[in-house]
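Please look through the sequence and the structure below, paying attention to unusual backbone geometry and to the way neighbouring helices pack. The report that follows takes up these topics in turn.

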Amino acid sequence: MIAGVVAAADGPDFLAARMQMALSLGWHIIVACFGVGMPAMTLFAEWRGHRTGDLHYALLARRWARAMGVLFAVGAVSGTILSFEMGLLWPGLMGVYGEVIGLPFSLEGIAFFIEAIFVGVYLYAWDRLPPRAHMLTGIPIVVAGVASAFFVVSANAWMQRPTGFQVSGGRIVDVDPWAAMFNPATPHLTVHMILAAFMVTGFVMASVYAVAMLRGRRDRYHRLGLLVPLAIAAAVTPVQIGVGDWAAHSVADGQPVKLAAMEGLFRTGRGVPLHLGGIVLKGELRYALEIPKALSLLTHWDPDAEVIGLDAVPPQDRPPVNVVHWAFQVMVAVGFALLALSIWLGVVWWRRRDPPRSRWFLRAVAVSGVASVLALESGWIVTEVGRQPWVVYGVLRSAAAVNPAPGLVWGFVLVTVVYTVLTIATVYVLRRLAADQPVPVAPQERDVTSFRIV
Amino acid sequence: MPLPEIMLGVLWVGLTAYVLFGGADFGGGVWDLLAGRAEGGRPRRDLIEHSIGPVWEANHVWLIFVIVLMWTGIPPVFAALSSTLYIPLTLAALGIIARGAAFAFRKVSTELPQRRLFGAAFAFSSVATPFFLGTVAGAIASRRVPAGIAKGDLVTSWVNPTSVVAGVMAVGTAAYLAAVFLTRDAQRVGDERLAEDFRRRALGCGIVVGVLSAAGLAVLAWDAPRLFAELTSGRALPLLVLSVAAGLLSLVLLWRRAYVAVRLTAALAVAGLLWGWGVGQYPELLPGVTLRDAAATDSVLAASLGALAVGALLLVPSLWWLYATFQREHTAPAAREHDRR
């Protein structure tokens with residue numbers, strides 16, 4: 001896998017820049033998912049607690065809000081680094097095309113502002129506002145979180161399907177920022193990402209309570225802590241499978257070479273098979289399980305349809321096939337496994353209004369958190385590595401966009417060290433938070449020296 | 001007014017807000033560093049944490065706002081700056097991570113060793129980050145970042161007299177603003193002793209920053225003569241005068257314990273400096289690159305400015321409400337916690 005990336009690189013600094021971007025984005029994307037999904041879950045628990053007077057919901061809401069405070073802070077700073085890195089690492093992209101994707105980023109700035117303001121109020125003024133007013137302050141967080149995801153991903157979608165500009169003599173002359181923002185990849189990419197955020201949040205949160213329940217804590221508090229996020233994630237999962245199919249069709253239309261890499265298809269042809277597994281050796285996919293005509297059927301709803309292969313472009317214009325092919329398979333496999341888990345919960349719930357009692361169910365939920373993150377990262381690798389060697393698909397090569405200054409390798413080393421420490425500290429703090437017994441009245445306020453225990 | 005000028009003006013408003021509000025949050029970290037030993041410094045640290053907690057994330061967004069407006073409004077300048085100055089910008093970015101994460105981690109930690117560790121990370125990065133951002137400002141002000149991608153010297157562009165002065169000034173003004181704001185915060189929660197303590201710090205820091213500014217002007221005369229000329233005899237002179245007058249008035253107000261009024265004058269002193277630099281350098285953004293050369297196409301500027309105008313309708317009342325909510329409180333966290341023990 002690493003070899004595939006190295007082969008596509010043009011030197012150590014270019015490789016370092018790509019790895020640094022991959023590390024900081026791959027890190028941020030996880031926290032960002034919680035930024036999108038967690039406010040909704042927390043608000044739902046708070047609302048249920050208020051409506052039913054069930055203290056367990058209220059406790060869950062407060063506990064989640066505390067974790068949300070940490071995750072939001074870490075997400076805010078790790079997201080800021082990305083906006084720095086856009087210029088530090090890819091000045092060739094931003095210096096020319098920065099203005100084309102400026103509009104969604106400006107809108108994202110506003111959305112993030114709203115999010116940060118209301119997160120401040122929601123977390124710190126919990127006991128200072130009446131319950132109804134407090135819940136209302138949570139709504140802008142949910143809306144702005146989803147909107148942020150939409151705007152950022154629409155800018156990324158533009159890199160996949162660049163539209164809305166004219167180039168003349170190396171300069172951008174005519175920009176339609178709205179057309180750039182609503183490019184052909186925006187609809188499916190944004191929906192796919194936002195749903196993924198709810199899946200990751202739901203499965204990860206549920207997995208924490210599944211682990212606790214496997215350790216014997218099966219009280220109502222833990223059962224609700226598992227059920228609420230899991231139910232939301234399970235409801236989203238079947239929709240996500242459908243959106244994934246929609247996304248694949250769109251990629252087949254707009255980025256056929258990426259689709260060929262996802263499927264490990266080297267030769268253009270009619271009635272092509274679907275490859276499961278396999279590895280690319282010497283320009284050929286080997287050891288793959290073939291399902292005859294299935295790829296043609298899946299991409300064009302016609303078993304004899306033509307599907308474009310990697311041979312449509314010269315080798316230097318192809319993405320690293322092993323990475324993209326395997327990332328795609330992992331994402332799809334995990335997606336279907338999560339679908340199976342969702343169906344299990346749905347069927348048992350439908351029959352007896354209670355989640356499955358089997359320990360295997362709890363084990364599956366405990367694993368689903370890590371699995372959903374794996375699917376998230378794989379899907380993101382498919383999107384971004386599959387776009388290579390282009391930073392703007394078909395327009396600008398990544399190697400032409402990178403900062404030519406020497407020493408980027410050392411920046412990457414430093415960033416890796418910092419992110420390692422950050423990861424350890426974040427996991428440590430979140431684990432401590434989960435192990436903490438008392439839950440303060442307000443999640444953030446006055447917990448410095450002492451707090452009243454609910 | 002033409003669109004590029006409006007865009008630059010909005011960008012500078014964002015930068016001013018970041019320096020005033022985000023800067024004060026960094027300054028809080030500076031005072032956290034200088035608060036003393038764990039037990040003795042506890043009331044100071046609690047007040048700092050209490051003041052920064054609900055607002056720092058919103059204040060931090062101004063930086064993202066400035067960066068995004070740069071690549072949207074003046075993309076070639078953004079590319080030139082971030083490529084030539086990638087070393088201080090990377091260090092500032094890592095400082096931002098350390099500051100924000102450590103602050104949030106300390107907030108939820110209860111045991112002393114962890115609080116110490118996260119507190120140290122928070123405090124040191126609160127000094128380092130504004131310093132590196134200041135060196136970037138110095139690099140631009142002393143015309144050391146040429147147009148084009150990575151065309152400037154990777155080291156001397158930000159390791160030079162103007163950059164060092166700007167870096168130290170950034171830390172100094174951040175600490176000064178924080179001390180001024182914290183004085184009133186301490187008074188509002190009813191802790192007069194703490195208010196006195198921060199008043200002394202604000203006075204001392206104000207004098208240091210004043211002397212530094214004078215020294216900084218001398219450095220500019222030698223290292224950035226063009227900007228110096230504009231500041232001392234050109235268009236920017238009124239703003240420099242405003243800054244100096246507001247700075248001196250702030251010292252008087254602090255001396256007379258007018259803690260609310262001094263918030264305004266201290267902010268004016270800092271903003272005057274910032275706008276003096278902006279007006280002094282306008283319209284040249286980089287050597288040989290004017291605003292007109294670098295500005296994005298009008299369709300982009302119009303769309304982004306329009307979006308921001310609509311966004312401002314949502315943002316301004318929300319921000320106002322955020323600050324009002326947390327400035328309204330009249331109870332003392334420290335005193336109350338002492339009672340509870």
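In chain B of this predicted model, the residue B:P283 sits in the loop that runs between helix α11 (259–281) and strand β1 (284–286). The peptide bond that joins B:Y282 to B:P283 is cis, and its omega angle is about 0 degrees. Chain A also has a cis peptide bond, leading from A:Q388 to A:P389, with omega near 5 degrees. The proline of that bond, A:P389, lies in the loop between α13 (359–385) and β9 (390–392) of chain A. These bonds deserve a second look, because most peptide bonds are trans, just as most residues other than glycine have a negative phi.

The second half of that rule leads to two residues of chain B. B:R143, which is not a glycine, has a positive phi near 60 degrees, and B:A150, likewise a residue other than glycine, has a positive phi near 55 degrees. B:R143 is placed in the loop between α6 (112–141) and α7 (161–188) of chain B, and B:A150 is also found in the loop between α6 and α7 of that chain. Is B:R143 buried, partly exposed or exposed? Its relative accessibility is 31%, and because partly exposed covers the range between 20% and 50%, B:R143 counts as partly exposed.

The backbone angles described so far are gathered here.

| Site | Angle |
|---|---|
| A:Q388 to A:P389 | omega near 5 degrees |
| B:Y282 to B:P283 | omega about 0 degrees |
| B:R143 | phi near 60 degrees |
| B:A150 | phi near 55 degrees |

The next topic is helix packing. In chain B, helix α3 (residues 56–73) and helix α4 (residues 75–84) have axes 5 Å apart and pack at an angle of about 120 degrees. The two helices α3(B) and α4(B) are therefore oblique to each other. On the side of α3(B), the contact is formed by B:I67, B:M70, B:W71, B:T72 and B:G73, while α4(B) contributes B:P75, B:F78 and B:L81. Sorted by class, this contact of α3(B) with α4(B) holds six nonpolar and two polar residues, and no charged residues.

In chain A, the axes of helix α9 (residues 220–254) and helix α10 (residues 256–263) come within 5 Å and cross at roughly 125 degrees. That angle makes α9(A) oblique to α10(A). From α9(A), the residues A:A248, A:V251, A:A252, A:D253 and A:G254 meet A:P256, A:K258, A:L259 and A:M262 of α10(A). The contact of α9(A) with α10(A) consists, by class, of six nonpolar residues, one polar residue and two charged residues.

Methods: Residues numbered from 1 in each chain as written. Chains lettered and ligands numbered in written order. Predicted model: local features only at pLDDT ≥ 70, side-chain atom pairs only at ≥ 80, totals over all residues. Heavy atoms only, no water. Axes fitted to C-alpha atoms, helices over the stretch in contact; angles between N-to-C directions. Helix = DSSP H or I, 4+ residues; strand = E, 2+ residues; numbered from the N terminus. Parallel < 35°, antiparallel > 145°, perpendicular 65-115°, else oblique. Contact = heavy atoms within 4.5 Å. Nonpolar A, V, L, I, M, F, W, Y, C, P; charged D, E, K, R; others polar. Buried < 20%, exposed > 50% of the residue type's maximum accessible area, 1.4 Å probe, protein only.
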